[in-house]
Amino acid sequence: MDGTIRDDRSQGADGPAVGVGLITPVLLAGGSGTRLWPVSRARFPKQFVPLVGEESLFQAAARRFAAAGFAAPLIVTADDFRFLVTEQLEQASIAAQHILVEPVARNTGPAALAAALRLALDDPSALLLLAPTDHLVADPQAFRATVNRGVAAARDGRIVTFGIHPTHAETGYGWLECGPASHPGVETLTRFIEKPAADVADQLLASGRCLWNAGVFLARADVLIAEARRHAPQLLADATRALDAATLDLGFLRLAPAPWEGVETISIDHAIMERSDRLSVVRFTGRWTDLGSWTAVFAEETPDATGTALHGPATALDCENTYLRSEVEGVELIGIGLKNIVAVATRDAVLVADAGSAQAVRLAVDRLKSKGAAQATAFAQEHRPWGWYETIAGGDRFQVKRIHVHPGAALSLQSHLHRAEHWIVVQGTARVTVGDTVSLITENQSIYVPLGAVHRLENPGRVPMVLIEVQTGTYFGEDDIIRYEDRYART
């Protein structure tokens, strides 16, 4: 590979723990996020959203394994999310061991193998824990204890997965069937069962031998690679080529685009796990959910006596078994006489669905995509490495945005062919470059950026800087940006 990868085997100020004998969490943070639309969208999927509580599911997953016995995490994510990952890790005070960036999404199979190959460079027998980052685990300590019960089996060459004790005959999850013990507290896994029909799910629940599939796997890196060599040799070869030609970029390890684009799109379950004879399972009896629908999120809320739950500025009158959620302080969501309804309001979209139809939300997203609606994938608020912006208003020859710049961050040195800009600082201090002139603009001051002028916006302070931008011109697309310098390597 091009570049130098740090091999830090200590825990201290110089870097995250990468020590021998620790379990390395491999956090899979890609995904497009459609079932929890309109809060989760392709440009900002559910793992990065604070759906339950104050932190995101991704932050909760990273914090779940920030404990004794676990090394710093290795993250696999998409190019669009790489700065969001680092921002949320920083907010959670967690340092990553490596962040692998996929050029395009190829499901969990290639991502898991790329992570195993990377860890094997330092230690072929390294223990890795493949874990999605969009699940909710109510008791992290109990889950870590469950993982630790599988360590001896994993060190002996087993691939250990973790089955969730089922509470009902769920048809939306895959299931696992358990066999005899392979190690103390560990059973052999006799078969995977795809999402079953209702009558089959009833039988699985009644058997007492079957668990929900959480999609979490514990294995030695060399064992996972060996099983890929047996069952998915082409997938392993393609992932190896992508890692061998990977490059370091601003601390991210970018998998090589050319070989990665040829990688098969397949889950780790289908590629390896369902074909392997090395599988074992540990039972987890705690509360777990993959938050795969709004009814699942509803179940995590605290309803009133009528079974109705509210989130954000929402009011229910004469409602039963209803979930009302508003994501915007300025948008009041009112429900009157509703029964078995889920209603979710964001700044630019509203979902109203029968609670029994909540799994069909992805079909609505597909319909929006076919209509060319921006809300299918994008938000009014767009996240960038330096902060975020949201569109407040727009018309034929103008657009108004609110721009939030993190302390110490800077936008690229750029120019536009089709628009001029007026900036009014409403919080903090901006350092503004226009041509050869550099100015400090404080609250209640403004500056004009003429069409075609080379300019840059920076926040030199220690608090967020917020400004209102008024664009005037004939075209306001993001592709009307000519970048000359950029600290985030977007030129």
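Modeller: Before we begin, helices (H or I, at least four residues) and strands (E, at least two) are taken here as DSSP runs, numbered from the N terminus. This is a predicted model, in which local features need pLDDT of at least 70 and side-chain atom pairs count only at pLDDT 80 or more, whereas totals for chains, interfaces and linings use all residues. Residues are numbered from 1 along each chain as its sequence is written, and side-chain values use heavy atoms, with hydrogens and water left out.

Colleague: How should I read a pocket, and how much space lies in the second largest pocket?

Modeller: Rolling a probe the size of a water molecule over the atoms shows where empty space is left. A pocket is an open set of points on a 1 Å grid over the protein atoms alone, where a 1.4 Å probe fits and protein lies on both sides within 12 Å along at least five of seven lines; lining residues have an atom within 4 Å of a point. The second largest pocket holds about 930 Å³, a volume being the space filled by probe spheres set on the points. Its lining has 34 residues, with Phe44, Pro50, Glu327, Gln381 and His383 nearest the centre.

Colleague: Which element gives the most to that lining?

Modeller: Helix α2 does, with 4 residues, while α2 (82-91), β16 (323-326), β20 (381-384) and β21 (387-394) each supply at least two.

Colleague: Why is α2 largely enclosed by the rest of the structure?

Modeller: An α-helix has 3.6 residues a turn, so residues three or four places apart point the same way. In α2, 7 of the 10 residues are buried (under 20% relative accessible area with a 1.4 Å probe, protein chains only), so the helix is largely enclosed. Those buried residues are Arg82, Phe83, Leu84, Val85, Glu87, Gln88 and Leu89, and what covers them includes α1 (57-64), β2 (74-78), β3 (98-102), β11 (252-254) and β20. After α2 comes Ser93, whose phi is positive, near 60 degrees.

Colleague: Strand β20 has now appeared twice; in which sheet order does β20 stand?

Modeller: Two strands pair if DSSP finds at least two bridges between them. Here an open sheet of 6 strands, paired antiparallel, has the order β20-β21-β22-β29-β24-β27. Strands β20 and β27 (446-449) stand at the edges with a single partner strand each, so one side of each is left without a neighbour in the sheet. Within this sheet, β21 and β22 (398-405) pair in the antiparallel sense over 7 bridges, and Gly394 stands opposite Gln399 in β22.

Note on methods:
Buried < 20%, exposed > 50% of the residue type's maximum accessible area, 1.4 Å probe, protein only. Contact = heavy atoms within 4.5 Å.
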